[in-house]
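Visitor: I have a model open and would like help reading it. Where do we start?

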Amino acid sequence: MRGIVVVGAGQAGASLGAKLRALGYDGALTLIGDEPVPPYQRPPLSKKYLLGEMEVERLYLRPLSFYTEQDIELRTGVAVQLVDRAAKILTLSDETTLAYAQLALTTGSRPRLLPEAIGGSLGGVYAVRTLADVDAMAMEFRAGRRLLIVGGGYIGLEAAAVARLRGMHVTVIEMADRILQRVAAAETSAYFRALHASHGVDFRESTGLARLEGTQRVERAILADGSVLEVDCVVAGVGITPDTRLAEAAGLAIENGIRVDELGRTNDPDIFAAGDCSSFPYRGGRVRLESVPNAIDMGEAVAGAMLGGTEPYTARPWFWSDQYEVKLQIAGLNTGYDRVVVRPGIKEGTQSVWYFLGPELLAVDAMNDPRAYMTGKRWIEAGVSPVAKAIADPASDLKTLA
Ligand code: FAD
């Protein structure tokens, strides 16, 4: 019997499958993932798990018994290679085929890799996406070793924090003129630069990587400014791209990810997409989000739509990052901001950065300041904006501002 097939057993795929059952879908349901493990959460990979403070079983989103109980056929370690949309049949890497009535693509993202031509395939050079990546990398994270991190985004900085806690020598290079430039205001960059510097991380901003050298393993890095760093290992945190390979080959519309409508439907009425791999309508434009909350919420919303629901998916963007003793929480999307206001927190080292476009509050970055985060999130979701000047006054009471 043809049923629903979900391709990509990550956060979005697992949420979508579980929600289909919770909503009463009792037809055939197959969840296919090319990684050899059950669906797991990625955020701890660059945090507690890399630090050695979390068992692998705790990464798994649900015990294996869940999939049996829910009659979800979980097939791991096998990739879907082809979607034949006319026949509605998938070809898998184990040379089997599988027919579907409806298909959900939750194929996630792939990390950008350092090119082979500049030494990206030398031993000791790692990307940070999968459990396998991090298991391999973790063996290198030993006191006294010299780590180069290429790219000062959140994942690179989280890996830098773990490496320092492990007693490694850490250098972060960033091609842009400041770390976190793509995702945050200069004020947030400055906060995290100071935090890492106080833990002994060496930063080289406005500096790209020219090449990595070594015989089999990486031994040194030549930077764009000509400087030479002796290194034992390298972590590349240079961004990700949505994994649209299967969708593209199937002729589905792509626009910064698999293009879907507000119900998560692609240009094929029987094929949906959710999570990192998809872009969807948002506030008059189109957006693609790379976060766990979006993967869960969109996966669940798309499950409803696949069963005939008509409730459009409304994203409520939020994100977090843990570095040393600091928890960063972000509410909203800061795209297009024209003004930033910094609000010092009550305790030392706490702070929030508020993004405005004209009078409209777009987003807030809260560093060890859960009250600022929760208040900002509530305001943004309700479309309420406080007066920027009042936010900057640490004596003002957030509760009364909006
Ligand atoms: P994924 O979780 O990537 O799952 C997609 C799955 O599909 C993968 O297993 C992939 O291998 C599989 N797949 C792809 N193609 C096929 C195919 N053809 N056949 C079969 N299987 C296929 N987000 C936060 O909100 N907060 C954080 O602190 C945070 N930290 C992170 C730290 C790290 C190290 C990483 C890597 C990510 C982090 N993220 C964080 C991002 C978050 O994990 C992702 O946004 C989320 O996992 C997206 O879920 P997804 O299901 O769309 O994709």
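Visitor: Which order do the 5 strands of the open sheet have?

Guide: Ground rules come before the sheet. This is a predicted model, where local features need pLDDT of at least 70, side-chain atom pairs count only at pLDDT 80 or more, and totals for chains, interfaces and linings use all residues. Residues are numbered from 1 along each chain as its sequence is written, and side-chain values use heavy atoms, with hydrogens and water left out.

Guide: Now the general idea. Strands of a sheet pair through backbone hydrogen bonds, either parallel or antiparallel. Here the order is β21-β22-β25-β24-β23, with antiparallel pairing. Strands are DSSP runs (E, at least two residues), and helices are too (H or I, at least four), numbered from the N terminus. Two strands pair if DSSP finds at least two bridges between them.

Visitor: Which strands stand at the edges?

Guide: β21 and β23 (339-344) do. Each has a single partner strand, so one side of each is left without a neighbour in the sheet. On average, neighbouring strands are turned by 15 degrees against each other, direction ignored. The axes behind that angle are lines fitted to C-alpha atoms, for helices over the stretch in contact; angles run from 0 to 180 degrees between N-to-C directions.

Visitor: How many bridges join β21 to β22?

Guide: There are 6, and the two strands run antiparallel, with β22 spanning residues 326-332. For one pair, look at F319: its bridge partner in β22 is I330.

Visitor: Which residues come nearest to the ligand?

Guide: A residue is near if one of its heavy atoms lies within 4 Å. Of 35 residues around the ligand, D34, E35, K47, R129 and D276 come nearest.

Visitor: Which backbone atoms lie close to ligand oxygen or nitrogen atoms?

Guide: A polar contact is a pair of N or O atoms within 3.5 Å; within protein, one must be able to donate a hydrogen and the other to accept it, and residues adjacent in sequence count only if both atoms are side-chain atoms. A backbone N or O atom of A12 lies 2.7 Å from a ligand oxygen. For V292 the distance to a ligand oxygen is 2.9 Å. A polar backbone atom of V80 is 3.0 Å from a ligand nitrogen.

Visitor: Which element gives the largest share of the shell around the ligand?

Guide: α8 does, with 3 residues.

Visitor: Which domains does the protein chain have?

Guide: Domain 1 (3-110 + 240-306), domain 2 (113-236) and domain 3 (325-400). The bounds come from an automatic or database domain assignment. The ligand shell draws at least three residues from each of domain 1 and domain 2.
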